[in-house]
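Reader: I am new to this structure and would like a close look at a single part of it, the nonpolar core, and then at whatever helps to place that part in its surroundings. Please take it slowly and connect one point to the next.

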Number of protein chains: 2
Amino acid sequence: MSEIEKPKGHALSKDKVLTNGGNNVSSNPSDEMTEKFDLATVYVSDAQYNRNIFFDTSPQAVRLYLLYNHWFMQTLVYTFIIVNLALALFEDPAVVPLPIWATSTIEIICLSAFSVRMVHYAKVIPKDKFWKDPKNICIIVVVTLSFIDLTIYGALKSTGYFAIRWSRVFRPLLLVNVTEGRQLRRAFRSIRNALPQISYVFLLFMFSVLVFSLVALKLFGKRGLLTIDGSPYFTDYLDIVFDLYVLVTTANSPDVMMPAYNYSVFFTIFFILYIVINTYTFMSFFLAVVYSNYKKHLKEEVRQLVKSRRFKMCRAFSLLQEARGEGGEPVVTQAKWNHLVKLVKPNISISHRELLWSVLDDQNKGHIGKFAFVQLADLLSIQVITVKSQPHPIQICFPSMYNSPVSRFIRYVVHQRHSLFFFYYKAENPVVSNAEWGFLALYMLEIILKLYATDPRAFFARHHFWNWFDTIIIVSALFGTIINSALKHSGGYTSRQILDIIFILRVLRLIRLVDSIKRFRAIINILIKIGPTILIFGQLIVVVYYIFAMVGMELFKGKVQFFEPNSTSPDQEYCGNPLLKGTTFAKLNYCKNNFNNVVSSFIVLLELTVVNQCGFTAVTHISARIFFVLFHIVVVIIIINIFVAFILEAFLVEYTIDKSDLQTSLEKKIEELELNVQQDGVDTGLVDAMESNDNELGPSEAGKQKPSLMFKIASRRSRTVDGLLQRMFETDIRPEDFNEEEEPENINFSNPVFDSV
Amino acid sequence: MSEIEKPKGHALSKDKVLTNGGNNVSSNPSDEMTEKFDLATVYVSDAQYNRNIFFDTSPQAVRLYLLYNHWFMQTLVYTFIIVNLALALFEDPAVVPLPIWATSTIEIICLSAFSVRMVHYAKVIPKDKFWKDPKNICIIVVVTLSFIDLTIYGALKSTGYFAIRWSRVFRPLLLVNVTEGRQLRRAFRSIRNALPQISYVFLLFMFSVLVFSLVALKLFGKRGLLTIDGSPYFTDYLDIVFDLYVLVTTANSPDVMMPAYNYSVFFTIFFILYIVINTYTFMSFFLAVVYSNYKKHLKEEVRQLVKSRRFKMCRAFSLLQEARGEGGEPVVTQAKWNHLVKLVKPNISISHRELLWSVLDDQNKGHIGKFAFVQLADLLSIQVITVKSQPHPIQICFPSMYNSPVSRFIRYVVHQRHSLFFFYYKAENPVVSNAEWGFLALYMLEIILKLYATDPRAFFARHHFWNWFDTIIIVSALFGTIINSALKHSGGYTSRQILDIIFILRVLRLIRLVDSIKRFRAIINILIKIGPTILIFGQLIVVVYYIFAMVGMELFKGKVQFFEPNSTSPDQEYCGNPLLKGTTFAKLNYCKNNFNNVVSSFIVLLELTVVNQCGFTAVTHISARIFFVLFHIVVVIIIINIFVAFILEAFLVEYTIDKSDLQTSLEKKIEELELNVQQDGVDTGLVDAMESNDNELGPSEAGKQKPSLMFKIASRRSRTVDGLLQRMFETDIRPEDFNEEEEPENINFSNPVFDSV
């Protein structure tokens, strides 16, 4: 790509930095130009948000496409998906029973919405692409099946027959296959790619379990041992296989071993071998397989992402290019670039935009080549905070008072300490109500003092998480205490809920204390960064749980009854099911762990994730164990391991990779222009300042002895998931991708999709 | 190190390969020469086995040092260590009680042996080095303390006072600090290096647990909820902290949550948050921290190992060097090299030695430079199997019969199939005794046929693991069946033990079936390779378990009694301790899980490793919980995670790194000389051949149309732990280490030691 590289050795004057450039494109360009800009905007924002949709490039389709990607439409779609999933709360077996006509109507509305969205999507992308995409097929099939199921169910129910809403199992597939579910699909692809290797290890593991079971049958079967329940110990092969499988989940340790151990110490050797080989070694193997696949696969995915991002940027470039460079090379002028950036990010400040330009056009030529242009998408995703040093409002109104020595001293003290009254906290007795008022007053005073010392607009800037955190917590606590006190005075009644909330809010403030210790901050940073991805895993878990909950409800609903603690029913002893009489399940009062509605199903599944307790097998056929083993394989062996693999990788990346090249060059440029804000400099009064997005101050104000406009790259905390993922393998993929000439069509515009389960 | 590199471009004749070289050094060199060779031998074997002992180089010390490293002395030391540790079986509380005088006498013998070993060591290494080494100090302190404790204990016991053998806790430290415990010390160093980071994560984790406990106290404390035992639920802060800590180990899930869940579904949100944050995220963090530290640290360790290995080889080189090369460069002649190799590895075959020489001296100059010489240690650690094609003994005696068409067909069929009667196995009914005989006869026939088709010496070659495996299993089964049948006929009595052993042996044969499937073989390879390191972790576990068992026995001995199942004692109900009346511990009949002797202590600790059941806290003070929490931190959070980290790394290495450079060059040389054996070529009759170590056949026999001597690099299965570890980071450390000139004294001869705990 040598023709794209900017020619070097042209020492242009450096003093042109941060000027507006030649305004040679009118603000109302021709219609054709508008369309080109529209299309370029779509390409750039697709590149920025990693959207991989092969849309029609006709002006009409582009406008439809812009509408399709509008945040309101996306929110609407997710709302309908959530409503559709939440229907399980109201359908039989329901938490809050609603009549069939009501749930059916809601479901029909949701399904219609999905259909409309599909039609919209079909208008945006070419017909052949639409039908080749398994995502669309999957949604259409799910919607159709739901309609069919709904009709059959309605017909059967109205005529009094037995009917099952089987299509509910497919509902979570909508969450996966919707256009916006990119990251969820990526997680599923991770799993799918690891599956062959996992299955080999799993087969070997099962072989080992089967061999051990055979040995166990031989060793223990004929000794007439009894379990604690009095049933024969290790006499049935399938039972042994199941028991030993459960031992891998550690759920029945040491119970499964006790009868043999009581008989002879030497039998423990069998269990020790089993635990070392299966519980520890094989389970580590699963993690290792998942981790190595995750790593390998992620690298490939990110490579694809970067490739397609670059391809889209090249497309945008070719729309706006002019043959203006030395030797007639295509370039994009600053004016066009400015217009494009304004369209892509309407609320970007001029100064921020010009900073970005000066990074790209570092030789002040007034135009940039393809190589520099392509970096725009990456540059836009680096969060830059524009900092303005403004006088405090009080300083403007009462300058002499604000600058008096007393006032200065107060401000100095406030700046010195993060929280003035923090350590009183611990001595506080949560019962004393008068002290409560005192402390609340102190906290309020603290906030007011801080607002006095710092500009309120800066104090509540968007990136000042802890200021928001503190203020919200203290104000909520204040309101809570006031409401509670009012309730008490009016009726002598104290609301426990409000007190609890106040207390929890106050305890949460402790987190800030920990964050102020440097060693812990690094770990909390990782935690915060992992946060968004945990949400993706949350969706993954919801999809899997939902499917298992639907199946589980059909299998086990009503088999176990929960009685309120003050109930006097004799059935309470055995959870309303005589089959449970005398089982540990009933003895430990697990009656509420049932599949009687979707909420309790989810809770049971969570418990099964933590420890695989399978008391349910007592209430149905023994083959219901398959349900529990399957759940263990899917959730514990696969999903939890993917989660651990993600955390492992995130942790290693955090310690090895620091900043991207672009981020470094942006920072260097900021430093070069002497516009940098000292990072976390508590000593300077400049730290707390406000981000101004709509500020249209020209750059002329900057560059004095103390510039009033400064930049700061947002802390590493505010990275997105995609960003983190790309960062993970950025160093690996950079060189080869820059040497490669992008070829349209065959690279990655075939969406990597999630095949229907 | 350019002066070390061999000058290139000298096209010497290639036909000198595999000749003996000029014998210009007499086989009885002068005394001075002998001493030099002795010293060089020590250096080379130290390099080969990664010994890092700074020994005295005086001839006498060298001879003492050779004795010190003799396998018999090392075996003796380990025997004494095992005896010393095993004393716990016979000391109060004992499995097999022995009088105090007996155990004391044995212990005094052991301690004396350690003292003698120390004195020996002190004579080998310089005085100042001896006293600077914490290993030695630690052993001396432990031995001294043991003597003191023994005296005090004997005196107190003989006068009838209460006494504790407190020095027993230190016994496992001998295992760690003994000279040969290199790999164990490395594992401990791994842990020590990860400790600071683990502790930060642990503090944050504990902070999180404490905050959650505070919230739990507020949420649940005043609602008057009851646990299943009828005790108040979540009212005491420390109890909550402990319960929530145990929830992290998943031991008390879902019991700990049930009272709150029964009260309100919304309280499960608290537990879900807790499980996601603490049980999953923080536990993954521990793994991530341990893994990243393990990786980082291991790299540094291996770098040090390679450096010191190279330094030792340079020392050996400088002892044997002559200024013979072009430009007066120091070189070592082939004769000297041959003598050295014979001393280092007395049982190496001439052909193997000459193969190694031809790899090093690939230009046939008759001497090698420093660069090539240094590689000897690595070259010696690559296992090369010398293969000789010999006629079958039957072929020699009855050539016409053996070469008849029928015989050829039988041999062909036998070679085609791994096991002829394998699949009959499954149809076999283990009860039918006649069929048993039939099958045994078939298996025997199979082995005999195989011995007919293949040279017996080749069939039982050392690297033919599966042949040994099969034969041992079938012959044992045959003997077992014969003995059992004899017993039955003589007294009508069937020994269950023998039948069981026969059965297990037969089941083990199934493993061979799995190994024949390629996909599984890769996984089994990793398992086998991990094997030796699991032994290191086994030692680590023994050290930690032993210490905890000693402390646990003092704390809990006799608190819980186990009654034989047929006992009629009324105390059986509550394990002989009224405090346990009605507890789950007694109900589930965990009475045998006690600290009444060292064996049951180890079993309890194993159970605690799998799931942290802490029923013991009922029988002593509540502070005994500290014991269990400490155990969980040390074993589960640290040691198990190191184990998982090792498996992760081993797995990733297995998939990424294939062969070392040296191995490749050795293989290339073998191929060049057309002496390579086709790997796993089942079709050729040459596969099964014998390793000849003492074969003194000259190279003149080789090189005909079908060479009778061939080489094969031992399969990847037979790697040592050190080899695997070095392989892990070999690619990373190679370049810089080759550019570095070794400096004596300050590199690594300061033994990396395990500081006393």
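Author: In this predicted model, the largest nonpolar core holds 344 residues, and the members that touch the most others in it are F271(A) and F271(B). Taking the copy in chain B, and leaving aside residues up to four places away in sequence, F271(B) is in contact with F220(B), Y233(B), F234(B) and L244(B), and also with L247(B), V256(B), M257(B) and A260(B).

The number 271 also leads to the contact between the chains, since helix α11 of chain A runs over residues 268-320, and α11(A) gives 14 residues, the largest share, to the side of chain A that touches chain B. Other elements that give two or more residues to that side include α8, α10, α25 and α28 of chain A. The contact as a whole takes 80 residues from chain A and 80 residues from chain B, and the two chains bury about 8,000 Å² between them, with 76% of that area on carbon and sulfur atoms. Across this interface there are zero salt bridges, although six residue pairs are in polar contact.

Salt bridges are found elsewhere, for a search of the whole structure gives 28 of them over all chains. Side chains of opposite charge can pair when their charged atoms come close. In one such pair R171(A) meets E91(A), with the closest N and O atoms 2.7 Å apart; R171(A) belongs to helix α7 of chain A, while E91(A) sits in the loop between α3 and α4, so that the pair links parts of the chain 80 residues apart. Both R171(A) and E91(A) are buried.

A second pair, E180(A) with R117(A), likewise has its closest N and O atoms 2.7 Å apart. Because E180(A) lies in the loop between α7 and α8 and R117(A) in helix α4 of chain A, this salt bridge ties together parts that are 63 residues apart in sequence. With a relative accessible area of 15%, E180(A) falls under the 20% limit and is therefore buried, and R117(A), at 8%, counts as buried for the same reason.

In chain B, the side chains of E554(B) and R168(B) meet in a salt bridge at 3.9 Å, N to O. That pair joins helix α25 of chain B, where E554(B) lies, to the loop between α6 and α7, where R168(B) lies, across 386 residues. Here E554(B) is partly exposed, because its relative accessible area of 28% lies between the limits of 20% and 50%, whereas R168(B) is buried, with a relative accessible area of 2%. In chain A, salt bridges that share partners join E91(A), D92(A), E107(A), D149(A), R165(A), R168(A), R171(A), E554(A) and K557(A) into one network.

Helix α25 of chain A, residues 518-556, has a kink of about 40° at G531(A), shortly before the proline P532(A). Just after α25(A), G558(A) takes a positive phi of about 75°.

To place these details in the whole chain, chain A contains 30 helices and six strands, and 52% of its 757 residues are buried. Among the contacts in chain A between residues at least 6 apart in sequence, 76% join residues at least 24 apart.

Conventions: Residues are numbered from 1 along each chain as its sequence is written. Chains are lettered from A and ligands numbered from 1 in the order in which they are written. This is a predicted model: local features need pLDDT of at least 70, side-chain atom pairs count only at pLDDT 80 or more; totals for chains, interfaces and linings use all residues. Side-chain values use heavy atoms; hydrogens and water are left out. A nonpolar core is a set of buried Ala, Val, Leu, Ile, Met, Phe, Trp, Tyr and Cys residues joined through side-chain atoms within 4.5 Å. Buried means under 20% relative accessible area, exposed over 50%, partly exposed in between (1.4 Å probe, protein chains only). Contact means heavy atoms within 4.5 Å. The bend at a residue is the angle between axes fitted to the seven residues ending there and the seven starting there. Helices (H or I, at least four residues) and strands (E, at least two) are DSSP runs, numbered from the N terminus. A salt bridge is a side-chain nitrogen of Lys or Arg within 4 Å of a carboxyl oxygen of Asp or Glu. Buried area is the accessible area (1.4 Å probe) that two parts lose on being put together, summed over both. A polar contact is a pair of N or O atoms within 3.5 Å; within protein, one must be able to donate a hydrogen and the other to accept it, and residues adjacent in sequence count only if both atoms are side-chain atoms.
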